[in-house]
Amino acid sequence: MSGFLTNLYKYVSALAIIFKYFCTKISTMSFQKLKPEIKAILESENLSVDHRLSQVCEVLKENIPYYDWVGFYFKNGDKDELKLRSFAGEPTDHTIIPFGKGICGQVAVSNKNFVVPDVKAQTNYIACSINVKAEIVVPLFLNGENIGQIDIDSHTPDPFSKEDENFLQWVNERVAKVLS
């Protein structure tokens, strides 16, 4: 029986590696195809900024298979907290997040991307859903100031790559132009 379990473990591990490889390849191709659509949405001046942000969230959630929840949080006035502005996915109770709390709150303080391959391994994590396995948060800067972030939750363990970070930074740069 132990030989069977060892072989099963090796097989599952190999499948996980193959899955991650294909996710990276698919997402890289998808990112390039999505850029013109994201750019067009954000340049649609006939739509409100909130509507454009919501559309960006929807496009990302619907086109990247492991983006199960996509949202934009922004600094809430003069308060040291983030406020959810637009999202696509299941509703969340976490519409206000204090700076320093959870992954989003930590990014608000650190000003750095935060990729979490396994949310269960994080001690300072705010659970939005029992289905979330991984998260990526990328800060959004306007004139050098961190004014918000894009937050992606995934039901897939460890799906995010450097390509995701680069693409989300690109999205945030385009969003900043709309907000300036």
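# Briefing: salt bridges, cores and empty spaces

Let's start near the end of the chain: glutamate 173 is partly exposed, with a relative accessible area of 47%. (Buried means under 20% relative accessible area, exposed means over 50%, and partly exposed is anything in between, using a 1.4 Å probe and protein chains only.) What you're looking at is a predicted model, where local features need pLDDT of at least 70 and side-chain atom pairs count only at pLDDT 80 or more, while totals for chains, interfaces and linings use all residues. Residues are numbered from 1 along each chain as its sequence is written, and side-chain values use heavy atoms, with hydrogens and water left out.

**Salt bridges**

- Side chains of opposite charge can pair when their charged atoms come close.
- Four salt bridges turn up here, each one a side-chain nitrogen of Lys or Arg within 4 Å of a carboxyl oxygen of Asp or Glu.
- Glutamate 173 has arginine 174 as its partner, and their closest N and O atoms are 3.5 Å apart.
- Lysine 39 pairs with glutamate 43 at 4.0 Å, N to O. At 39% relative accessible area lysine 39 is partly exposed, whereas glutamate 43, at 52%, is exposed.
- Arginine 85 and aspartate 50 make another bridge, with the closest N and O atoms 2.4 Å apart. This one ties together distant parts of the chain: arginine 85 belongs to strand β2 (residues 81-88) and aspartate 50 to helix α2 (residues 49-63), 35 residues away. (Helices, H or I with at least four residues, and strands, E with at least two, are DSSP runs numbered from the N terminus.)
- Both ends of that bridge are partly exposed, arginine 85 at 38% and aspartate 50 at 36%.

**Serine 86, next door in β2**

- Strand β2 also holds serine 86, which counts as buried because its relative accessible area is just 2%.
- Leaving out residues up to four places away in sequence, serine 86 touches Asp50, Leu53, Ser54, Cys57, Val70, Gly71 and Phe72. (Contact means heavy atoms within 4.5 Å.)

**Nonpolar cores**

- The largest nonpolar core takes in 33 residues, and Ile38, Leu60, Tyr67 and Phe72 have the most contacts inside it. (A core is a set of buried Ala, Val, Leu, Ile, Met, Phe, Trp, Tyr and Cys residues joined through side-chain atoms within 4.5 Å.)
- At least two residues of this core come from each of α1 (2-42), α2, β1 (69-75), β5 (134-142), β6 and α4 (162-179). The top contributor is α4, with seven residues.
- Take leucine 60 as an example: beyond residues up to four places away in sequence, its contacts are Leu34, Ile38, Tyr67, Val70, Ile150, Phe167 and Leu168.
- There's also a second, separate core of 15 residues, with Leu84, Ile97, Tyr125 and Val132 among them.

**Helix α3 and strand β3**

- Buried residues of α3 include Gly102, Ile103, Cys104, Gly105, Val107 and Ala108.
- The cover over the buried residues of α3 includes β1, β2, β3, β4 (114-116), β5 and β6.
- After α3 comes asparagine 111, with a positive phi near 65 degrees.
- Proline 98 sits in strand β3 (residues 96-98) and is partly exposed, at 38% relative accessibility.
- Among residues more than four places away in sequence, proline 98 touches Asp80, Glu81 and Gly105. Its C-alpha is 9.7 Å from that of asparagine 76, although 22 residues separate the two in sequence.

**Empty spaces**

- On a 1 Å grid over the protein atoms alone, a cavity is a set of points where a 1.4 Å probe fits but cannot get out, a pocket is an open set with protein on both sides within 12 Å along at least five of seven lines, and lining residues have an atom within 4 Å of a point.
- The largest pocket has a volume of about 190 Å³. (Points are joined across faces, edges and corners, and a volume is the space filled by probe spheres set on them.)
- Lining that pocket are 14 residues, with Trp69, Glu90, Ser129, Val132 and His155 nearest its centre.
- Across the whole structure, one cavity of 30 Å³ or more is found. The largest cavity holds about 90 Å³ of space.
- The largest cavity is lined by 14 residues, and Ile97, Cys104, Ile126, Cys128 and Glu135 lie nearest its centre. Two or more lining residues come from each of α3 (102-110) and β6 (145-154), with α3 giving the most, at four.
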